[in-house]
Structures are given as structure tokens and as C-alpha cells.
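Here's a quick walk through one protein chain, with the sequence and the fold side by side. Have both open while you read.

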Amino acid sequence: MILYKCLIGNFPIIPEEHYFDPNIEYVFFHTHPIENKHGKWNFINIPISDNPIQDQRKYKILSHELFNSPSIYVDFNYLLKPGSFNTIKSLLDKNSFNVAEHPFRKTYLDELCDWMFCCSDDKETTTITRYLRYLGYDFNQHFCPLGGFLIRDTSNKTKQINNYWWNIWNKFKKRDQLFLPPSVFFTKHNINLFNFDDLFDFCGQQNNNNLYLPKFFQHKNNSASIPSLVNKINYITNRKDIFNTGIIKHRI
């Protein structure tokens, strides 16, 4: 089993990790030199193109092209809790594709409203929604994953989900978690949602140690457009969802 991270950009100081499970191989892909290499990481320098978000998403999504064994993808600023190996193995024994469940975003509308504070506007999100409706997506089947925490094997099921996810993400090149549920739906597979807190800890943004989180999307406040967005998205999806105020509490 392999735990891997992928850091795109010149962020030389990474979180110090002190626990490395003997049953897990640790791989850290990075584009720029890292000053505090430590622990049991196998640091692998990778090329960077003029599209860094695409570089990062490729390594994140296409796990089956990287490894021939089950893998755990973790966002670079999070840590695996000690003693988690047996829980992870149990998850893989029951389902080949596992992703953390978001703690308060629950609907397709929740995801799009969150986008309004970080990476998009209502014109773009309605375009994406119309495209998914055109494909025949059942918005009632949508779930909200924490896309930075994935536990997968290398089965055909995983490959099919990964490849569909990669292809649909490439069409719009926005935050990837929105496109995982449609990928699951259209490949006709089931995946498992697990509780993030059971397995991972946030290590924080340690500015005093020169550790800065990479930001592919600059946060912004498009909250004035949310009432209009809610009406548009509910019309397209044929649902009656309301705005989740927890999104504002999280983003502002």
C-alpha cells in the first residue's frame, strides 16, 4: 500500500511528519526543491508545465497510472493518524474506491455555492450544470466528497472512475470534487464515503516556518449572486434546495 502526496509550486518547507506506518510506502511528488526532506518519504521530482493545476490534478486523479498497488492520496498539509492501517485495509476489503465525505456540504447546490467564494461565477456554474443535465446526470444521486482524501485500489472499477473523472475535469478545469460524483454515476459504480476525522489530521498553515499553502484559486466573494444562482440551479436540476449558510461561515 502506498500513501502519496503531490505538491506543485515552490513551497520548500513541508509539514514535519513523525509517524510512518511500516506497512505503508510513502511517496512525495514535487516540482520544486524541498528543504526539509525527512522521514520515510520517497521524494520524486516531477516536471511542471505552464498549467500547474492540471499537473497536480493528473497525479491526484490518475492513481492507477502511478502505482500497481492500492494507494492513499492525501492533500500535502494533512497527516495520516497513527494506527490507521487496519481501518484503511478494511475499507479496501469492502470497496475498491473510497473518498472522505464532506462534513457539511451535502448537495450539488452546496458545492456550486461554495465555488462562488473561491473559483467561479454563476455563468460558468450554470454552463457546467446544463452540460451534466445534457449527459443525463441524476442530481438526486449527488454526494459531496472531500476530494483530498482518496483510498483506491487498481481494479478496473477504479480505473474507469478515475478516467471518467479525469476526462470530465479536463473539460472545465475547475475544482475536481464536483466531477467525481458524476463520474461514479456514469460509470455505474458504487463507492464508499468515510469519515475524514477517523483517519487524518490537519497540520495547519505554518507561516512561521515558511510553509504556505498553494492556492490554485484566489478566494473571492460572489455572495450577492447566490440568490440568483440558487434559482437557476434548482430550475436546471429540478430540485428545491436552499442555500447552506454553513458555506459562508466556512469561507468568510
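The notes below go from the ground rules to the sheet, then the helices, then a few single residues.

## Ground rules

This is a predicted model, so to speak of local features a pLDDT of at least 70 is needed, side-chain atom pairs count only at pLDDT 80 or more, and totals for chains, interfaces and linings use all residues. Residues are numbered from 1 along each chain as its sequence is written, and side-chain values use heavy atoms, with hydrogens and water left out.

Helices (H or I, at least four residues) and strands (E, at least two) are DSSP runs, numbered from the N terminus.

## The sheet

Seven strands make up an open sheet with mixed pairing, in the order β3-β2-β1-β4-β7-β6-β8. At its edges sit β3 (41–45) and β8 (192–194), each of which pairs on one side only; pairing here takes at least two DSSP bridges between two strands. On average, neighbouring strands are turned by 25° against each other, direction ignored. For angles like this, axes are lines fitted to C-alpha atoms (for helices, over the stretch in contact), and the angles run from 0 to 180 degrees between N-to-C directions.

Strand β7 (residues 145–152) is a good place to look: eight of its eight residues are buried. Buried means under 20% relative accessible area, exposed means over 50%, and partly exposed is in between (1.4 Å probe, protein chains only). β7 pairs in the antiparallel sense with β4 (residues 71–74) over four bridges, and also with β6 (residues 97–101), again antiparallel, over five bridges. On the β4 side, Tyr73 stands opposite Leu150 and Ile72 has Ile151 as its bridge partner. On the β6 side, Glu101 faces Pro145.

## Helices on the sheet

Helix α1 (residues 52–61) lies across β1 (2–7), β2 (25–30), β4 and β7, and runs at about 45° to β7. Helix α2 (residues 85–94) packs on the sheet too, touching β4, β6, β7 and β8, with its direction at about 85° to that of β7. Contact means heavy atoms within 4.5 Å.

## A helix pair

How do α4 and α5 meet, and at what angle do their axes cross? The axes of α4 (residues 122–135) and α5 (residues 156–172) come within 11 Å and cross at roughly 140°. The two helices are therefore oblique to each other; angles under 35 degrees count as roughly parallel, over 145 as roughly antiparallel, 65 to 115 as roughly perpendicular and the rest as oblique.

Ile128, Tyr131, Leu132 and Leu135 of α4 make the contact with Tyr164, Ile168, Lys171 and Phe172 of α5.

## Residues to click on

Val99 lies in strand β6 and counts as buried because its relative accessibility is 0%. Leaving out residues up to four places away in sequence, Val99 touches a list that includes Phe143, Leu146, Leu180, Ile191 and Phe194. Val99 and Arg152 are 53 residues apart in sequence, yet 8.4 Å apart in space, C-alpha to C-alpha.

Most residues other than glycine have a negative phi. Lys173, in the loop between α5 and α6 (180–186), has a positive phi of about 55° although it is not a glycine. Lys173 counts as partly exposed, at 30% relative accessibility. Asn238 is another non-glycine residue with a positive phi, near 60°. Asn238 is found in the loop between α7 (226–237) and α8 (246–251), and at 71% relative accessibility Asn238 counts as exposed.
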